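I sat down with this one to look at a few helices and at how the two chains meet. My notes follow in the order in which I looked things up.

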Amino acid sequence: MTDVTTEAPVPGARIPAERGTSTRLAANVLDVFVRSIVPVLLALVAGAILLLALGRNPLTFYGDIWKGGIELGAWQDSLMRAAPLLLIAIGLTVVFRANIWNLGYDGQFLLGAALISGLGPWIVTREPLWFALTVLFLVAGAAGAAWTIVPAALKAYYGTNEIITTLMMSFIGVGVANILIKGPFQDPTVNIPETRVLPLDKMLPSIPGTRVHVGVLVAFAAVIVVHFVLTRTSFGLRLQVLGANPRAARHMGVKLPRVIVMSFLVSGFLIGMAAAADILGIWGYVRSNWNPAYGDTVIPFVFLARLNVLALVPYVLFYAVLSTGGDLATEHANLTTDFLLVLVALILIFMTLIEYFGRRRALGTSYLTPGLRQSLRVPWRTTSKAAAE
Amino acid sequence: MSEVLTRTFMTALVSGGILAGVPLMFTALGETISERAGVLNIGLEGMMLVGAYVGFVGAYYGHTVYIGFLTGLLGGAIASLFMVVLCVRLGLDQIVIGIAITLAGEGITSVLQGAQFGTTYPRLGAPPTVAIPLLSRIPVIGPSLFDQPLIVYLGFTLVGVVAWIFRRTNIGLNLRAAGEKPEALDAAGVSVVATRSWAALVTGCCAGVGGAYLSIVGAGTFTPFMTQGQGFMAIVIAMLARGKPLWVVFGSFLFGICLSIATALQLAGIDVSVDVVNMLPFIAIIVALMVFARRSYLPPALALPYVRGAR
C-alpha cells in the first residue's frame with residue numbers, strides 16, 4: 001500500500017536548534033518565498049515570454065494591469081472583484097482540507113446567481129432592504145449547498161469519485177441556471193435572455209467614502225469565521241484528519257459520511273454566497289450563458305496558500321488586481337481575456353514543479369494534504385480492505 | 001406522414017450520434033489506455049481543445065483533412081507531453097497538472113484563435129467520405145454508418161486493435177500491470193515510467209484526433225471552448241467502461257446520441273430548449289453513476305506516481 005508519502009515534519013523542526021533562531025527565521029522566510037511567491041513570479045515571466053512570442057510588449061501589458069487594477073481608484077474595483085473570488089476560494093479550502101475535490105463550483109455559483117437575480121427584484125420591493133439582502137445571501141448559499149448533495153451522498157455512501165460527479169453536476173447546474181434565466185426569471189420587457197435588473201438603490205450599499213460594496217466585508221468576515229472553524233473547532237480537526245488519513249479518522253471515531261456531506265454543504269454554501277456578493281454588489285442581473293468561471297482561476301491560489309484561509313487573502317487580492325487590470329491589458333493588447341487562464345495554468349505548473357524540487361531538497365512541508373492522492377479511490381473502504389488483508 | 005417523420009428522425013439520430021460519438025470514442029479510448037496504465041488524465045479537455053485548434057489550422061492551411069488530423073494528433077501529443085514529463089517522470093500530482101492542462105488548453109487555443117483569425121471563424125468544406133459498397137445502401141443506418149470519412153473507420157479499427165493489444169499481447173499485459181501493481185511490473189524488469197509515458201502519450205494522440213474530428217468534421221470550424229465538457233464525458237465513459245474498449249464504443253455512441261437528440265428532435269418538428277438537451281448527457285451520466293455507483297472500476301494504482309521502493 002503506497003498510501004501516504006512521507007512528509008517533512010512541521011517547518012522549522014528539521015533545522016537543528018543550535019543554529020539559532022535568526023537562521024531558522026531566515027530559512028523560514030526563504031521557504032515561504034520560494035514555495036509561495038516564486039511560482040507566481042515564474043508564471044509572470046513565462047507569460048511575458050509568451051506575450052513576446054505573440055508579438056505583444058509584455059512591459060506594456062503588465063503596466064496596463066497595474067493601471068487598470070490599482071491606479072485611479074481601480075483598486076476599488078479590484079477589491080470588489082476579490083469578494084466572490086475570496087468566498088469561492090475559502091469554500092474550496094474547506095473541502096480540499098478534507099481531501100475532497102469539489103470541482104462543481106461553476107454550477108453552484110451560477111445556480112445561486114440565477115436564483116437571486118430572479119427573486120431579487122421581487123423581494124427587495126416587498127421587504128426592508130437589510131432583510132431582503134440577507135435572505136438573498138442565504139438563498140444563494142442554500143442553492144449552492146443543495147447542488148452538492150448528490151455528489152456528496154455518492155461520495156459518502158458509495159465512494160464514487162467526486163471529481164467526476166461534481167463536474168457533471170456543474171454542467172447540469174449551468175443548464176438549469178440558463179433555463180431559469182430564459183424561462184421564469186426572464187425580464188419581459190427586453191428581448192435579450194436576461195433577468196430583471198435590480199434598482200441601484202436596492203443593491204448592496206457601499207462602504208461610506210468608497211464605491212466598494214459591503215459584500216467585501218461579508219467575504220472578509222467569512223474568512224475570519226471559516227479560519228476559526230477550521231483551526232479552532234472539532235469540526236475543523238475532523239476535516240483535517242479525514243484529509244490526512246481516512247483510516248486514522250475512522251479509528252478516531254469520526255463519522256466519515258457525515259463529515260464528507262457537511263464539508264460539501266459548507267463549500268457549496270460559501271460558493272453560493274460568492275454569487276450573492278457578485279450579483280447584489282456589482283451586476284444586479286444575470287444574462288444567460290454568463291459564466292465568469294471564478295473557480296478555475298482561484299484553484300492555484302488555494303494550494304499556494306497551503307489550504308490556509310488567512311494566507312489566501314493576499315493571493316486573492318493579487319489575482320483580483322491581475323484580473324481587473326487584465327481586462328484593460330488584454331483589450332489594449334488585442335487578446336482575449338482567456339490569456340489570464342494561461343497565466344493561471346502556468347502558476348499551477350510552476351507551483352507543482354517547485355513543490356517537486358522542494359520535496360527533493362526537503363524545503364519544508366508540502367501544500368498537499370498527505371492523503372490527497374488517495375482521493376480517487378474509495379477512501380476508507382479500500383484502505384480497510386487492505387488493512388484486513 | 002408519421003412514417004416519414006420517424007424515418008428522418010431516426011436517420012438524423014443515428015448520423016448525429018455517430019458525428020458526436022466519434023470524438024468521444026477516440027478520447028475515451030485514449031483515456032482507457034492511460035487509466036489502465038495508472039495515469040488519470042483530467043487534462044483531456046485541454047488536449048482535445050489543442051487537437052481541435054491545431055487540427056483545424058492544419059486542415060485550413062494544408063487544404064486536406066488528413067494533414068489536419070495529423071497535426072491534431074501531434075497537438076494532442078505535445079499537450080500530453082506535459083503530463084508525461086511532469087506527472088509520469090517527475091511524479092507530480094496528476095489532478096493538479098490535469099487541471100492546469102485543461103486551463104492552459106482553453107486559454108491558449110482561445111488566445112491563438114483570437115490572435116490569428118480575430119472574430120472571424122473561417123469554415124472548412126465538407127470532408128470527403130468513403131462509402132462502403134452495398135452496406136451504405138441499407139436504409140436509415142446505411143448512409144450514416146457506412147458513408148463516413150476515413151478517420152471513422154480507422155477509429156473503429158483502432159478500438160479492435162487496442163482490445164487485442166490489451167488481451168493478447170505483452171504490451172497490454174505491461175499496461176495493465178502498470179495500473180494494477182506497478183511494483184510487479186518493475187520486478188519483472190519492465191520500466192513502469194516508460195510504460196506509463198507511452199500510455200499517456202498515446203492518450204494525448206487519441207484526444208488530439210478526437211478534438212480534430214470535432215473541429216474538422218463536426219463543426220467545420222474552430223470556436224474557443226468548443227469541446228464543452230466532452231473531455232470530462234470521455235473520462236466518465238472510460239470509467240464506466242471499466243477498461244474494456246468495446247464498452248467504450250457503446251458508451252460513446254450512447255452519449256453521442258444524447259448530444260445529437262436536439263437536432264434530431266428539431267428535424268422531426270419538435271422544438272425543445274437547447275439548454276435542456278445540452279444537460280441530457282450529464283444527467284445520463286449522473287443517473288448511470290448512481291445506478292452503477294458500486295460497479296465503476298478504477299485500477300488500484302490510478303493517479304499514484306510510481307516511486308521505486310516506496311511503501
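**Helix length.** The expected span of a helix is 1.5 Å times one less than its number of residues. I keep in mind that this is a predicted model. I tried the rule on helix α7 of chain A, residues 162-182. Its 21 residues should span 30 Å, and the end C-alpha atoms are 30 Å apart, so expectation and model agree. I also looked up how covered α7(A) is: 19 of its 21 residues are buried, so I noted this helix as mostly covered, given that buried takes 20 or more other C-beta atoms within 10 Å.

**First helix pair.** Two packed helices are described by the angle between their axes and the distance between the axes. I looked up both for α4 (residues 105-124) and α5 (residues 129-146) of chain A: the angle is about 155° and the axes are 8 Å apart. Angles over 145 degrees count as roughly antiparallel, and that makes α4(A) roughly antiparallel to α5(A). The crossing of α4(A) past α5(A) is right-handed. On the α4(A) side, the contact includes A:Phe109, A:Leu115, A:Leu119 and A:Val124. On the α5(A) side, A:Leu129, A:Val135, A:Val139 and A:Gly144 are among the residues involved. I sorted the residues of this contact by class and got 14 nonpolar, four polar and no charged.

**Two residues of α5(A).** Is A:Phe131 buried or exposed? A:Phe131 sits in helix α5 of chain A, and it is exposed, because 12 other C-beta atoms lie within 10 Å and exposed means 12 or fewer. I also checked A:Phe131 against A:Ala320, 189 residues apart along the chain, and their C-alpha atoms are separated by 29 Å.

A:Leu129 is in helix α5 of chain A too. A:Leu129 has 15 other C-beta atoms within 10 Å, so I wrote it down as partly exposed. Leaving out residues up to four places away in sequence, A:Leu129 touches A:Val124 and A:Lys202. A:Met203 is 74 residues from A:Leu129 in sequence, yet the C-alpha to C-alpha distance is 8.5 Å.

**Second helix pair.** Next I took α3 (residues 74-97) and α11 (residues 256-283) of chain A, whose axes come within 8 Å and cross at roughly 175°. α3(A) and α11(A) are therefore roughly antiparallel to each other. From α3(A), A:Met80, A:Leu87 and A:Val94 are among the residues that meet α11(A). The α11(A) side includes A:Phe264, A:Leu270, A:Met273 and A:Asp278. By class I have 17 nonpolar, four polar and one charged for this contact.

**Chain B.** I went through chain B and listed 12 helices and two strands. In sequence order they read α-α-α-α-β-α-β-α-α-α-α-α-α-α. Chain B has 311 residues, and 55% of them count as buried. Of its contacts with a separation of 6 or more, 77% join residues 24 or more positions apart.

**Where the chains meet.** How many residues does each chain bring to the contact? I found 45 from chain B and 38 from chain A. On the chain B side, α4 (94-117), α10 (230-240) and α12 (274-291) are the elements that give two or more residues. The largest share, 14 residues, comes from α4(B). The side of chain B that touches chain A has 34 nonpolar, six polar and five charged residues.

Note on methods: Residues numbered from 1 in each chain as written. Chains lettered and ligands numbered in written order. Predicted model: local features only at pLDDT ≥ 70, side-chain atom pairs only at ≥ 80, totals over all residues. Axes fitted to C-alpha atoms, helices over the stretch in contact; angles between N-to-C directions. Helix = DSSP H or I, 4+ residues; strand = E, 2+ residues; numbered from the N terminus. Parallel < 35°, antiparallel > 145°, perpendicular 65-115°, else oblique. Left-handed = near helix turned anticlockwise from the far one by under 90°. Contact = placed C-beta atoms within 7 Å. Nonpolar A, V, L, I, M, F, W, Y, C, P; charged D, E, K, R; others polar.
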